[in-house]
Amino acid sequence: MSSAWSWYISIIVVANILACVWLIRWTQKKRPGEARPDETTGHSWDGLTELNQPMPRWWLWLFYGTIVWGLIYLVLYPGLGAFPGLLGWSQYSQYDEEVEQMEAEVAPLFARYAEMDFLELARHEEAMQTGRRLFANNCAVCHGTDGGGRPGFPDLTDDDWKWGGDPEQVHHSILEGRQGIMPPLGDALGEDGVEAVTAYVFHLNDRDAPEELVEAGRGLFSQQCAACHGQDGKGNQAMGAPNLTNDTWVYGGSREAIERSIREGREAEMPGQENILGADRVHLLTAYVLSLSMDTRDNGAEAPDGDE
Ligand code: HEC
Ligand code: HEC
């Protein structure tokens, strides 16, 4: 807080308290000018007269009590501008304390889960309930509440992995993050080239495309794309280059979306969670993410978004 604001607030607070004291003392006195023999102020409404008497004592003391309470509060707690109060309390310190307390309660639980292996955990119902909550709080903004993804954010419930679906690779994706970069190739290919290579990508997915374009695209693909997506177009998980043959798309599978991926390139960043959630929570989340695709594969009892 700037010191001008600090003074501004302090002066308003103190002035208000002084004003209250003055008001009470003022109402306590009889107003001599208005003193009348019948003890009234002389005001009368339909026969009701107003007595000219001070406030009742108990009421005054109650009022003084609240003022004293206010002063004690101001000494102990924040209220006078930049002065933090003798107790040093703040919403932040309270929040930190509560977080610390909660952390101390749940840490042993996560530590216990961290000793279990991913697949064992993935079938552990209670652990997966905790995993679902962690996912909802930390991952759902990008990957969707059910982990089903949305344009630009991969679906975590299917069997198509950009960076690999083995427990170790999924763990790596979450712990350290991932950064996939598809370079823009519009200039290198020209508009005709983009069209041809898109036709070839259609062909890889058994979709209809004009024969000549597919043939023209085939050569371009092996020159420009195969280094990352593989000769057969099945992708390369070491660099996050997705499989282009299974008709599963992060950025959409329409002709426009595919052409745009090729022309303008794409970039994606998965933020590493090591410093955000810590190793134990990441361990549990890895098992949870694995459980999402196990559910679809085994057609198991519980659907991933069962209770939403
Ligand atoms: C800010 C958005 C964002 C958040 C939050 C986020 N992710 Fe991601 N995640 C991404 C993006 C984007 C990718 C794709 C990265 C790439 O392809 O290079 C990704 C990729 C992944 C992958 C790899 C998928 C694959 O196909 O190989 C996993 C696993 C994953 N995220 C899990 C999680 C988990 C678990 C959380 C919660 C702790 C999480 N993500 C939070 C954006 C996010
Ligand atoms: C330098 C490596 C590299 C080259 C070369 C490359 N790609 Fe990619 N491509 C990637 C990566 C990595 C991604 C994922 C980008 C992301 O996660 O944002 C990707 C994404 C894509 C996508 C989007 C996939 C989806 O799921 O929506 C398409 C389509 C694509 N590439 C086609 C091509 C074609 C066609 C070529 C050749 C003209 C090509 N790429 C060349 C690395 C490459």
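An oxygen atom of ligand 1 sits 2.9 Å from a polar backbone atom of Trp 163, a polar contact (a pair of N or O atoms within 3.5 Å; within protein, one must be able to donate a hydrogen and the other to accept it, and residues adjacent in sequence count only if both atoms are side-chain atoms). Lys 162 joins in with a polar side-chain atom 2.7 Å from an oxygen atom of ligand 1, and Gly 180 brings a backbone N or O atom to 2.8 Å from an oxygen atom of that ligand. The elements giving two or more residues to the shell around ligand 1 are helix H6 (140-143), helix H7 (167-176), strand E3 (178-182), strand E4 (266-270) and helix H12 (279-298); helices (H or I, at least four residues) and strands (E, at least two) are DSSP runs, numbered from the N terminus.

Keep in mind that this is a predicted model: local features need pLDDT of at least 70, side-chain atom pairs count only at pLDDT 80 or more, and totals for chains, interfaces and linings use all residues. Residues are numbered from 1 along each chain as its sequence is written, chains are lettered from A and ligands numbered from 1 in the order in which they are written, and side-chain values use heavy atoms, with hydrogens and water left out.

Back to ligand 1. Of the 25 residues around it, Cys 139, Cys 142, His 143, Lys 162 and Met 270 come nearest; a residue is near a molecule if one of its heavy atoms lies within 4 Å of it. The shell has 15 nonpolar, 7 polar and 3 charged residues (Ala, Val, Leu, Ile, Met, Phe, Trp, Tyr, Cys and Pro count as nonpolar, Asp, Glu, Lys and Arg as charged, and the others, Gly among them, as polar).

Now for the metal. The iron atom of ligand 1 has His 143 (NE2) and Met 270 (SD) as its protein donors, 2.0 to 2.1 Å away; donors are N, O and S atoms within 2.8 Å of the metal (3.2 Å for Na, K and Ca), and water is not among the atoms, so sites may look incomplete. The angles among its 6 donor atoms run from 88 to 180 degrees, and the site is octahedral, a label that for six donors asks for opposite donors over 155 degrees apart and all others between 65 and 115. His 143 is in helix H6 and Met 270 in strand E4, so the pair ties together parts 127 residues apart in sequence.

Next comes ligand 2, with 26 residues around it; Lys 162, Met 182, Cys 225, Cys 228 and His 229 are the closest. Its iron atom is coordinated by Met 182 (SD) and His 229 (NE2), at 2.0 Å. This site is octahedral too, with angles of 87 to 179 degrees among 6 donor atoms. Met 182 belongs to strand E3 and His 229 to helix H10, and the pair links distant parts of the chain, 47 residues apart.

The polar contacts of ligand 2 include a nitrogen atom 2.7 Å from an N or O atom in the side chain of His 229. Tyr 251 puts a polar side-chain atom 2.5 Å from an oxygen atom of ligand 2. By class, this shell has 18 nonpolar, 5 polar and 3 charged residues.

Finally, the N-terminal part: the unreviewed UniProt entry annotates "transmembrane region" at residues 6-24 and 58-77. In the model, residues 6-24 are 100% helix, with end C-alpha atoms 28 Å apart, and residues 58-77 are 95% helix.

How values were computed
UniProt positions renumbered as here; feature names shortened; annotations may be inferred. Tetrahedral: all angles 85-135°; square planar, octahedral: opposite > 155°, others 65-115°.
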